[in-house]
Amino acid sequence: MKTFTKTLWMSLIALSVASCKKDDLGTLGGDTDLPLTEVGNESSIYIDYDGEDVEQDLTLTVVRNDNGDVTYKVLVDFTGHPDSAFLVPLIPANLKDAQNRANFEVKLRITSEGIQDYINNSSKPFTLVKYDSKVGDTYTYEVDGKTLTRTVTENNGLNEWPLGFFNIKTVEVQQTTFNPVMGALVNKMKYRANHKFGLVYMEAELKNGKTMEIEIVPWFLL
């Protein structure tokens, strides 16, 4: 995954609404014993901020897998970047270490059916992607009296998204409604995920008018 900071799940699209539906999935089922989520597996994170590569050490490591509830250790260092004055404050104080790096753990539900995240450590997961979704399907989540919505915008079954040396199938999901903290930073998020490699791409349109693109390359493609 590519820096799934709880605030910037950057956290980083033309819609067809013919098959729009509410997300009543609850917790995803499916196989939870996946190569992607074995403890110790590491993914590399590559960030492009406003057209420039961020050359910091960026890693995502599986530290626990409790029957599909997968805990990742995230380490992101923006302190040496020219735009650190904007980027560092994007990281909530409780997720920073003494060096002002994003250094924290985040829990996702990852199964053969899809991916969910736990907003604000809630026990109720919010669906990020379900691999068999159709274009126009929506996943919704109620938080603080507000409905957050993620919409499937592409799922054509074609091996056309580049990842490492491969072209893979992806499902694209867009989000334009956020909780207040995220909404103060981001206008729109796009996510791409693959049934084997999980979340592989995020794109955030930021409030400062710039764009952040995040590519996540799992260990077995390195």
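Reader: Is Arg 64 buried, partly exposed or exposed?
Author: This is a predicted model, and the answer rests on a computed area. The relative accessible area of Arg 64 is 43%. Buried would need under 20% and exposed over 50%. Arg 64 is therefore partly exposed.

Reader: Which residue forms a salt bridge with Arg 64?
Author: Arg 64 lies in strand 3 (residues 58–66), and its partner is 41 residues apart from it, in strand 5 (residues 102–110). The closest N and O atoms of the pair are 2.8 Å apart. The partner of Arg 64 is Glu 105.

Reader: Is Glu 105 buried, partly exposed or exposed?
Author: Its relative accessibility is 36%. That value falls between the limits of 20% and 50%, so Glu 105 counts as partly exposed.

Reader: In the salt bridge of Lys 130 and Asp 132, which residue is buried?
Author: The two side chains meet at 3.1 Å, N to O. Asp 132 has a relative accessible area of 53%, so this residue is exposed. The other relative accessible area is 14%, which belongs to the buried residue, Lys 130.

Reader: How many residues of strand 13 are buried?
Author: Strand 13 spans residues 186–194 and is mostly covered. Val 186 has its place in this strand, and with 2% relative accessibility Val 186 counts as buried. Of the nine residues in strand 13, the number buried is eight.

Reader: How many bridges join strand 13 to strand 14?
Author: Strand 14 covers residues 198–206 and runs antiparallel to strand 13. A hairpin of three residues leads from strand 13 to strand 14. One bridge sets Asn 194 against Gly 198. The number of bridges joining these strands is eight.

Reader: Which residue in strand 13 stands opposite Gln 175?
Author: Strand 12 (residues 171–175) pairs with strand 13 in the antiparallel sense, over five bridges. Opposite Gln 175, in strand 13, stands Met 189.

Reader: How far apart in sequence are Glu 205 and Lys 188?
Author: Their side chains meet in a salt bridge, at 3.5 Å from N to O. Glu 205 belongs to strand 14 and Lys 188 to strand 13, so the salt bridge ties together parts whose separation in sequence is 17 residues.

Reader: Which residue is linked with Glu 154 and Glu 172 in a network of salt bridges?
Author: The structure holds eight salt bridges. A salt bridge needs a side-chain nitrogen of Lys or Arg and a carboxyl oxygen of Asp or Glu, so two Glu residues need a Lys or Arg to link them. In this network that residue is Arg 192.

Terms used: Residues are numbered from 1 along each chain as its sequence is written. This is a predicted model: local features need pLDDT of at least 70, side-chain atom pairs count only at pLDDT 80 or more; totals for chains, interfaces and linings use all residues. Side-chain values use heavy atoms; hydrogens and water are left out. Buried means under 20% relative accessible area, exposed over 50%, partly exposed in between (1.4 Å probe, protein chains only). Helices (H or I, at least four residues) and strands (E, at least two) are DSSP runs, numbered from the N terminus. Two strands pair if DSSP finds at least two bridges between them. A salt bridge is a side-chain nitrogen of Lys or Arg within 4 Å of a carboxyl oxygen of Asp or Glu.
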